[in-house]
Amino acid sequence: MTDQEEGQAAAAVALDVAARLLAASKEVITGGADVLAQYVGIFPTAYGWWRFICRSAEAALLLGGHGFTVEAAPVVRNVVNHAYGLHWLVDNGPLAVDALIEKDREGAEKMCKNLEQAGWPAAAEYRSLLEERKAQPAPARSVADEELLRKLKHELGNVYDMLDRYASAEVYLIYSHLSGMSHTSIDTANAYLEWT
């Protein structure tokens with residue numbers, strides 16, 4: 001058997017296993033899920049990310065199966081990012097959810113300022129919603145928890161540092177390559193060209 005034949009055989013096995021895992025992921029959620037009280041704080045985020053990973057993997061397989069390999073790269077990038085994010089969430093528990101919420105609030109504030117500067121009619125309504133969210137009291141945290149929260153927020157915005165935390169910094173090379181296919185880049189410009 002040649003290297004190419006071995007590669008094709010391995011790919012066929014991987015696709016079969018992936019299809020079975022994705023089918024099982026749909027079966028396991030039929031009828032809902034029982035959640036232990038100690039995990040209620042992180043379950044909604046963990047479940048959402050897990051479903052996003054499963055559905056994105058399914059989308060990438062569908063795209064690849066129809067020859068859209070370049071177009072699947074941003075989806076695969078999301079799978080990598082969310083798979084590590086899910087691990088990170090479980091390892092850090094409720095404080096990771098707090099970091100995610102705070103990071104979201106910072107992004108919402110930035111968006112609101114941009115809407116206000118652009119003079120969008122919905123900016124005032126959006127600002128009102130943000131002010132309601134800000135009025136909710138922040139949980140009391142120890143100095144150590146505040147420092148960990150700062151670190152977790154940083155990791156949410158810096159994929160390399162999140163990967164490095166799991167001794168997987170080399171995965172960033174793959175993530176970085178996939179990022180080149182996710183943004184306006186020379187990679188996307190050259191994806192359909194064959195130079196002669």
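Q: At roughly what angle do the axes of H3 and helix H5 (residues 143–157) cross?
A: A word on the model first: it's predicted, so local features need pLDDT of at least 70 and side-chain atom pairs count only at pLDDT 80 or more, while totals for chains, interfaces and linings use all residues. Residues are numbered from 1 along each chain as its sequence is written, and side-chain values use heavy atoms, with hydrogens and water left out. Helices here are DSSP runs of H or I with at least four residues, numbered from the N terminus, and axes are lines fitted to C-alpha atoms over the stretch in contact, with angles from 0 to 180 degrees between N-to-C directions. The axes of H3 and H5 come within 8 Å, and they cross at roughly 75°.

Q: Which word describes H3 relative to H5: parallel, antiparallel or perpendicular?
A: Angles under 35 degrees count as roughly parallel, over 145 as roughly antiparallel, 65 to 115 as roughly perpendicular and the rest as oblique. With the axes crossing at roughly 75°, H3 to H5 is roughly perpendicular.

Q: How many charged residues are in the contact of H3 with H5?
A: Contact means heavy atoms within 4.5 Å, and those taking part include Trp-88, Asp-98 and Glu-102 of H3, plus Leu-152 and Lys-153 of H5. For the classes, Ala, Val, Leu, Ile, Met, Phe, Trp, Tyr, Cys and Pro count as nonpolar, Asp, Glu, Lys and Arg as charged, and the others, Gly among them, as polar. Besides nine nonpolar and two polar residues, the charged ones number seven.

Q: Is Leu-152 buried or exposed?
A: Leu-152 is found in helix H5, and its contacts beyond four places in sequence include Trp-88, Leu-95 and Arg-165. Buried means under 20% relative accessible area, exposed over 50% and partly exposed in between, using a 1.4 Å probe and protein chains only. Since Leu-152 has 0% relative accessibility, it counts as buried.

Q: What does helix H3 (residues 69–118) span between its end C-alpha atoms?
A: The expected span of a helix is 1.5 Å times one less than its number of residues. A straight helix of 50 residues would cover 74 Å that way, but H3 spans only 37 Å.

Q: Where does H3 bend by about 120°?
A: The bend at a residue is the angle between axes fitted to the seven residues ending there and the seven starting there. A proline, Pro-94, follows within four residues of the bend, which sits at Gly-93.

Q: Which way does H2 run relative to H3, parallel or antiparallel?
A: The axes of helix H2 (residues 43–65) and H3 come within 9 Å and cross at roughly 170°. That angle makes the pair roughly antiparallel.

Q: How many nonpolar residues are in the contact of H2 with H3?
A: By class, there are seven polar residues and one charged, and the nonpolar ones number 19. His-82 lies in H3, where its contacts beyond four places in sequence are Trp-49, Phe-52 and Ile-53. Back to the H2 and H3 tally, the nonpolar count is 19.

Q: Which residue in the loop between helix H6 (159–165) and helix H7 (171–180) has a positive phi near 55°?
A: The value is positive in a residue other than glycine. At 63% relative accessibility, the residue counts as exposed. The one in this loop is Ala-167.

Conventions: Helix = DSSP H or I, 4+ residues; strand = E, 2+ residues; numbered from the N terminus.
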